[in-house]
Amino acid sequence: MAKKHEEILDDVMDALDDVKDVLEDAAETVVAKAKPVANKVKPAAKRAAKAGAEAAQAVVESAKKATPKKPECFLQFNGKEISMDSLIATAKAEFKEENKRTAIITCRVYVKPEEGAAYYVINDNYFGRITL
């Protein structure tokens, strides 16, 4: 005679309870065996992390020491402040607009604040004026 649906459902629920019990036991066994290994590994991992952090800090410190900073130069006159680097960049850019294939070998900039201008000489033969 065929089992009724409720009987089949009860059998399936009993089987699921058995599987659940087996899985819980297996999980407890895995945790119990993993704890000693984790306790042994944890101090080594902490030491490795500390050594890595110290090495990274040493690299940062040596990089700070190894890269010299370029000095910055400004002209302050009559309430204005002008960066010498920006004047040099402007002189080079103006030269490159007209002389795209010529390399810049020398670049000299002469600032005359009383005239509100800077004059530049590139490669000893190209002259220009920048208004301040």
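**Exercise 1. The two faces of β5**

Task: In this predicted model, work out which residues of β5 sit on its covered face and which on its uncovered one.

Solution:
- Start with the general rule: side chains in a regular strand alternate between the two faces of the sheet.
- Now walk along β5. The covered face takes Y126, G128 and I130.
- The uncovered face of β5 gets F127, R129 and T131.

**Exercise 2. The β4–β5 hairpin**

Task: How do β4 and β5 pair, and over how many bridges? Then look at the turn and find which residue there has a positive phi of about 55 degrees.

Solution:
- Get the strand limits down: β4 covers 117–122 and β5 covers 126–131.
- The two strands run antiparallel to each other, with six bridges between them.
- For a handy register check, find I122, which faces Y126 of β5.
- Three residues separate the strands of this hairpin, and N123 in the turn is the one with a positive phi of about 55 degrees.
- Don't stop there: D124, in the loop between β4 and β5, also has a positive phi, about 60 degrees, although it is not a glycine.
- That's worth flagging, given that most residues other than glycine have a negative phi.

**Exercise 3. The β1–β2 hairpin**

Task: Which residue in the hairpin of β1 and β2 takes a positive phi, and is that residue buried or exposed?

Solution:
- First, the strands: β1 (residues 74–77) and β2 (residues 80–83) are antiparallel and joined by four bridges.
- To fix the register, pick F74 and look across to S83 in β2.
- This hairpin has two residues between its strands, and N78 takes the positive phi, near 55 degrees.
- N78 is not a glycine.
- N78 has a relative accessibility of 72%, so it counts as exposed; the cut-off for exposed is over 50%.

**Exercise 4. Salt bridges**

Task: How many salt bridges does the structure hold? For each, say which residues pair up and how exposed they are.

Solution:
- The count is three. As background, side chains of opposite charge can pair when their charged atoms come close.
- Take D85 and K70, whose closest N and O atoms are 3.5 Å apart. D85 belongs to helix α2 (residues 84–98) and K70 to the loop between α1 and β1, so this pair ties together parts 15 residues apart in sequence.
- On exposure, D85 is partly exposed at 32% relative accessibility, while K70 is exposed at 63%.
- Next, D124 meets R108 at 2.6 Å, N to O. This pair links distant parts of the chain: D124 is in the loop between β4 and β5, and R108 is in strand β3 (residues 107–112), 16 residues apart.
- R108 is partly exposed, with 37% relative accessibility.
- Finally, K112 bridges to E115, with the closest N and O atoms 3.1 Å apart. K112 is partly exposed at 31%, and E115 is partly exposed too, at 38%.

**Exercise 5. A charged patch**

Task: Which residues gather in a patch of negative charge on the surface, and where is D14 found?

Solution:
- List the members: E6, E7, D10, D14, D17, D18, D21, E24, D25 and E28.
- Place D14: it's in helix α1, which spans residues 5–66.
- Check that D14 qualifies. A patch residue needs over 30% relative accessible area and no salt bridge. D14 has a relative accessible area of 46%, so it clears the area cut-off and counts as partly exposed.

Conventions:
Residues are numbered from 1 along each chain as its sequence is written. This is a predicted model: local features need pLDDT of at least 70, side-chain atom pairs count only at pLDDT 80 or more; totals for chains, interfaces and linings use all residues. Side-chain values use heavy atoms; hydrogens and water are left out. Patches are made of residues with over 30% relative accessible area and no salt bridge: like charges are joined within 9 Å, nonpolar side chains (Val, Leu, Ile, Met, Phe, Trp, Tyr) within 5 Å. Accessible areas come from the Shrake-Rupley method with a 1.4 Å probe; for residues, only the protein chains shown count as cover. A salt bridge is a side-chain nitrogen of Lys or Arg within 4 Å of a carboxyl oxygen of Asp or Glu. Lys and Arg count as positive and Asp and Glu as negative; His and the chain ends are not counted. The place of a charge is taken as NZ of Lys, CZ of Arg, CG of Asp or CD of Glu. Buried means under 20% relative accessible area, exposed over 50%, partly exposed in between (1.4 Å probe, protein chains only). Two strands pair if DSSP finds at least two bridges between them.
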